[in-house]
Amino acid sequence: MMRLAAPNLCIHEQGKIDTLTNSRKWLLRGAAALFALALLYPFTAFLADVGPWQWNESVRGPALSSVRVSLSLTALAMLIIVCVGTPLAAYIARCGMRERLIWQAVLLLPILLPPLALGILLTLAFGPAAKLGQILDRYGLVMTNSPLAFVVTQVYIGMGYFVLGAIAAFDGVPVMLEKQAALLGHTPLQVFARVTLPLSRLGLAVALSLAWVRAIGEFGAVVVTAYYPAGIPVQLWVNLQSFGLPSVMPLLVIFLAVALPFPWLVHVVAQRKRHA
Amino acid sequence: MLSVSIRKQRRDFSVSVAFDLNPGGSLALFGASGSGKSTVLSCIAGLEEPDQGYVRLNDVSLFPPGLPLHKRSIGYLTQEPNLFPHLSVRENVHFGVKNSSNGHFSAGLAEWISELRDRLDLSTLWDAPASGISGGQARRVSLARTLARRPSLLLLDEPFTGLDRQLVRKLIDDLIFWNQKLGFTMIAVDHQAEVLERLCPQQALVLEMGKIMQRGSWEELRHAPATEQLRSLLSPL
Amino acid sequence: MAMNTSRRSFLQLALAASASALPFKWAGAKNLAPLAVAYAGSMGSLMEGPVKAGVAKSLDLDFHGRAQGSNALAQLIIGGSIRPDVFISVTPGPMQSVLKAGKAMAADPIAHTEMVIGYSPKSRFANKFDQAAKSPEKNEVFQVLQEPGLRFGRTDPITDPQGRNIIFTVMLAEKSLQKPGLVETILGPTINEKQIFTEPTVMARLQSGELDAASAYKIQPGSFNLPFVPLPKAINLSGENLQSEHPEVKLIVGEKSWVPEPLIYYAAVLRDAPNPRGATAFVEWLKGADGQNILRHFQYDAPSSAKPLHP
């Protein structure tokens with residue numbers, strides 16, 4: 001098109017236009033690569049000299065146990081977050097502006113707290129000092145140093161991230177599509193299932209992976225509410241104090257290996273289904 | 001029978017219209033851009049609620065109180081085809097119709113959908129994803145989807161804008177054909193007079209600043225336009 | 001128009017506020033060389049209060065403290081993750097690891113403490129603890145600790161010396177009171193998930209009433225406004241010859257075997273200290289009259305005959 005429009009441009013100048021665009025492209029790629037390097041730089045510390053990594057009997061057992069704890073209990077927390085958070089987000093997405101503002105504050109409060117503070121508030125509110133804590137205690141529900149405490153903490157940590165992301169995902173579905181679906185005989189629940197959910201899949205996936213990433217690495221709150229059973233972050237802390245850095249590194253590698261696949265997979269599946 | 005008498009406040013003026021339409025009849029709503037035509041349709045469809053008044057379709061009160069959208073037997077077509085992008089053309093067309101328990105449509109329904117598909121030339125597109133077809137094709141799919149349900153009332157809000165003349169002519173003829181065959185009531189809104197003249201020649205309402213300025217057939221409108229604006233809208237470019 | 005004016009005035013206000021914050025920072029750093037001290041978590045109120053003030057006045061040093069469990073700090077220092085000027089730990093263990101790793105040349109004792117039982121004034125057993133506190137030699141506290149439904153708290157024996165020390169204390173009580181099974185009754189298994197909490201939260205849980213009683217060093221409950229029951233000299237780990245007097249008192253935790261260690265606070269100047277002169281001056285000050293006065297005020301006892309540590 002350009003060549004036709006500017007016939008007096010000599011070949012030489014036309015060539016320059018092309019290389020400019022190319023070099024700009026490579027500039028952008030270079031900048032992006034630099035950014036990636038900067039972001040991944042801390043991981044070069046794995047090559048630091050801390051002495052030979054320790055992975056003997058005394059380290060291995062608790063480490064693998066902490067992996068099991070983290071994976072299973074965080075997965076359970078995610079399940080709860082999705083089951084409770086999705087309909088809640090659907091409701092909020094349909095609210096008027098004023099109610100939405102209130103909801104945003106409500107959802108932000110727990111996740112704004114420094115994790116240590118959240119842990120302390122949770123132990124106070126669910127512990128024997130509080131009425132609810134006493135009731136739970138009577139029914140044999142242990143709210144400190146138990147799997148229940150672990151999961152509850154993670155739900156409080158992750159819920160806000162998921163719901164806020166899910167609301168944005170539902171907002172991205174055009175209202176007219178939902179109204180057309182309704183005029184085509186679908187109840188609000190059916191519209192949600194057949195139109196809203198499928199179209200917000202990617203956004204929901206991102207929201208869930210954020211909640212997962214946040215929860216599985218959570219230390220500050222969990223170390224207060226659920227020192228047992230030890231998940232990976234608490235175990236890293238224990239390893240550091242008992243054996244030092246050589247025992248921290250291998251568990252760190254394992255953590256990355258087990259924590260990364262889920263959110264990554266979630267993105268892959270969501271992307272694929274989008275173009276189905 | 002469709003009975004409408006509504007009032008809705010817009011920013012600069014209030015829309016205030018009342019009319020009745022016999023079953024199977026077709027009505028044109030004509031007026032300049034921003035005269036409130038779309039508001040009337042969206043109030044009837046239930047996308048908005050009137051401030052006052054009533055809307056009744058075949059002894060069912062659509063308003064007040066506002067009947068939920070999914071209970072209304074209304075088809076609503078606009079300029080935007082609003083197809084479901086995650087579904088194929090076929091799934092879009094089938095969206096509003098229920099299949100029986102074994103997953104197949106009743107014979108009559110299957111035949112009707114085939115007729116829609118063939119007459120609107122959707123066979124080659126049938127299994128294509130709805131997100132991958134052209135604008136003109138999408139509007140045909142949208143029409144098929146809306147009619148597959150055999151609604152009692154069809155509302156058309158400038159659905160032909162931007163389509164080529166040949167396609168518009170064909171779609172109008174298809175609509176007239178099906179209107180006679182199925183007997184649905186139809187209201188069409190447009191700011192192009194010739195489209196409405198062909199589609200709903202017998203009855204037309206002219207809107208100006210939300211009020212009905214004239215009622216009648218297109219012949220009457222052309223012969224004796226009630227307002228200066230109407231005369232201007234009807235005269236050649 | 002109105003919008004622009006209010007936005008401008010807001011920006012001006014914000015700029016003025018942040019500009020006014022700067023002078024304070026500068027004033028703090030003027031004339032005072034920084035001194036980075038990593039100390040055992042239980043010393044917080046002492047270090048960040050009068051020690052910081054005293055060090056600024058007498059030594060012209062700007063005290064930058066960092067509180068954490070002695071074990072954690074030792075590991076971070078050994079691994080090179082942190083490089084403070086001075087390390088203060090409780091019990092010889094963590095300090096010896098640091099010395100062995102060559103991160104310090106020697107460590108001086110600066111104070112010592114003993115084990116007590118802290119309790120919550122909100123506890124329904126508070127009255128009984130009050131009674132027991134009046135005459136510690138009678139060891140009534142161990143009766144109270146056996147009350148059904150009493151919630152007792154302690155720290156992780158795997159990572160925290162105090163977590164092991166409370167077990168030793170009750171072992172010694174079991175021995176001196178001739179009550180076999182006392183450890184099992186009061187503490188349960190070594191790792192008891194109902195009793196073990198992370199160190200900084202144990203005192204806080206006493207304050208909230210979530211725990212009725214907890215293990216503590218004598219210097220801890222005071223800064224939290226919590227009462228405590230002192231323990232007789234024979235069992236409160238204040239003696240220096242525990243291992244020779246009670247050779248059978250041993251604890252196996254996490255495949256390591258532990259014996260009671262004297263509850264002595266050691267301070268060491270670290271080898272790669274950024275401010276070595278300040279570090280030495282500080283440790284001397286701690287050992288001198290000024291430092292010891294402050295320590296006494298906070299219920300820290302004198303190091304008496306404890307000896308310095310060498311690698």
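Pro229(A) lies in the loop that runs between α11 (222-225) and α12 (232-242) of chain A, and in this predicted model the peptide bond that joins Tyr228(A) to Pro229(A) is cis, with omega about -10°. A second cis bond is found in chain B, where Phe63(B) is followed by Pro64(B) and omega is near -15°; Pro64(B) has its place in the loop between β5 (60-63) and β6 (74-78) of chain B. The background to these entries is that most peptide bonds are trans and that most residues other than glycine have a negative phi.

Against the second half of that background stand two residues that are not glycine and yet have a positive phi, namely Glu158(B), at about 50°, and Thr91(C), at about 70°. Glu158(B) is found in the loop between β7 (153-157) and α5 (165-182) of chain B, whereas Thr91(C) lies in the loop between β3 (86-90) and α4 (92-100) of chain C. Are these two residues buried or exposed? With 19 other C-beta atoms within 10 Å, Glu158(B) is partly exposed, because the class of buried residues begins at 20 such atoms; Thr91(C), with 23 other C-beta atoms within 10 Å, is buried. The backbone entries described so far are gathered in the table.

| Site | Backbone feature | Value |
|---|---|---|
| Tyr228(A) to Pro229(A) | cis peptide bond | omega about -10° |
| Phe63(B) to Pro64(B) | cis peptide bond | omega near -15° |
| Glu158(B) | positive phi | about 50° |
| Thr91(C) | positive phi | about 70° |

**Chain A and a helix pair within it**

Chain A has 14 helices and zero strands, so that its pattern, read along the sequence, is a run of α elements from beginning to end. The radius of gyration of chain A is 25 Å, which is well over the 19 Å that the globule rule gives for 276 residues, and chain A is therefore more spread out than a compact globule. Taken along the principal axes, the C-alpha atoms of chain A fill a box of roughly 85 × 65 × 30 Å. Buried residues make up 36% of the 276 residues in chain A, and of the contacts in chain A with a separation of 6 or more, 76% are between residues 24 or more positions apart.

One pair of helices in chain A can be followed residue by residue. Two packed helices are described by the angle between their axes and the distance between the axes. For helix α3 (residues 57-93) of chain A and helix α13 (residues 245-259) of chain A, the axes come within 11 Å and cross at roughly 25°. Because angles under 35 degrees count as roughly parallel, α3(A) and α13(A) are roughly parallel to each other, and their crossing is right-handed. Which residues meet where α3(A) and α13(A) are in contact? From α3(A) come Val59(A), Ala63(A), Val67(A) and Leu71(A), and these meet Ser247(A), Leu251(A), Ile254(A) and Val258(A) of α13(A). By class, this contact of α3(A) with α13(A) has seven nonpolar residues, one polar residue and no charged residues. An α-helix has 3.6 residues a turn, so residues three or four places apart point the same way.

**An enclosed helix in chain B**

In chain B, seven of the nine residues of helix α1 (residues 37-45) are buried, so this helix is largely enclosed by the rest of the structure. The buried residues of α1(B) include Val40(B), Leu41(B) and Ile44(B), and Lys37(B) is also among them. After α1(B) comes Gly46(B), whose phi is positive, near 100°.

**Contacts between chains**

Two pairs of chains are in contact, and of these, chains A and C share the most contacts. That contact takes 21 residues from chain C and 19 residues from chain A. On the side of chain C that touches chain A, α3 (70-78) and α9 (199-208) of chain C each supply at least two residues, and α3(C) gives the most, with four residues. The residues on this side of chain C divide into six nonpolar, 10 polar and five charged.

The contact of chain A with chain B takes 13 residues from chain A and 14 residues from chain B. Here α8 (175-183) and α9 (188-199) of chain A give two or more residues to the side of chain A that touches chain B, with the largest share, six residues, coming from α8(A). This side of chain A has eight nonpolar, four polar and one charged residues. Between chain B and chain C there is no contact, and their closest C-alpha atoms lie 24 Å apart.

Definitions and conventions: Residues are numbered from 1 along each chain as its sequence is written. Chains are lettered from A and ligands numbered from 1 in the order in which they are written. This is a predicted model: local features need pLDDT of at least 70, side-chain atom pairs count only at pLDDT 80 or more; totals for chains, interfaces and linings use all residues. Two residues are in contact if their C-beta atoms, placed from the backbone, lie within 7 Å. Ala, Val, Leu, Ile, Met, Phe, Trp, Tyr, Cys and Pro count as nonpolar, Asp, Glu, Lys and Arg as charged, and the others, Gly among them, as polar. The radius of gyration is taken over C-alpha atoms; the globule rule is 2.2 Å times the number of residues to the power 0.38. A residue is buried if 20 or more other C-beta atoms lie within 10 Å of its own, exposed if 12 or fewer, and partly exposed in between; C-beta atoms are placed from the backbone. Axes are lines fitted to C-alpha atoms, for helices over the stretch in contact, and angles run from 0 to 180 degrees between N-to-C directions. Angles under 35 degrees count as roughly parallel, over 145 as roughly antiparallel, 65 to 115 as roughly perpendicular and the rest as oblique. A crossing is left-handed if the near helix is turned anticlockwise from the far one by less than a right angle, and right-handed if clockwise.
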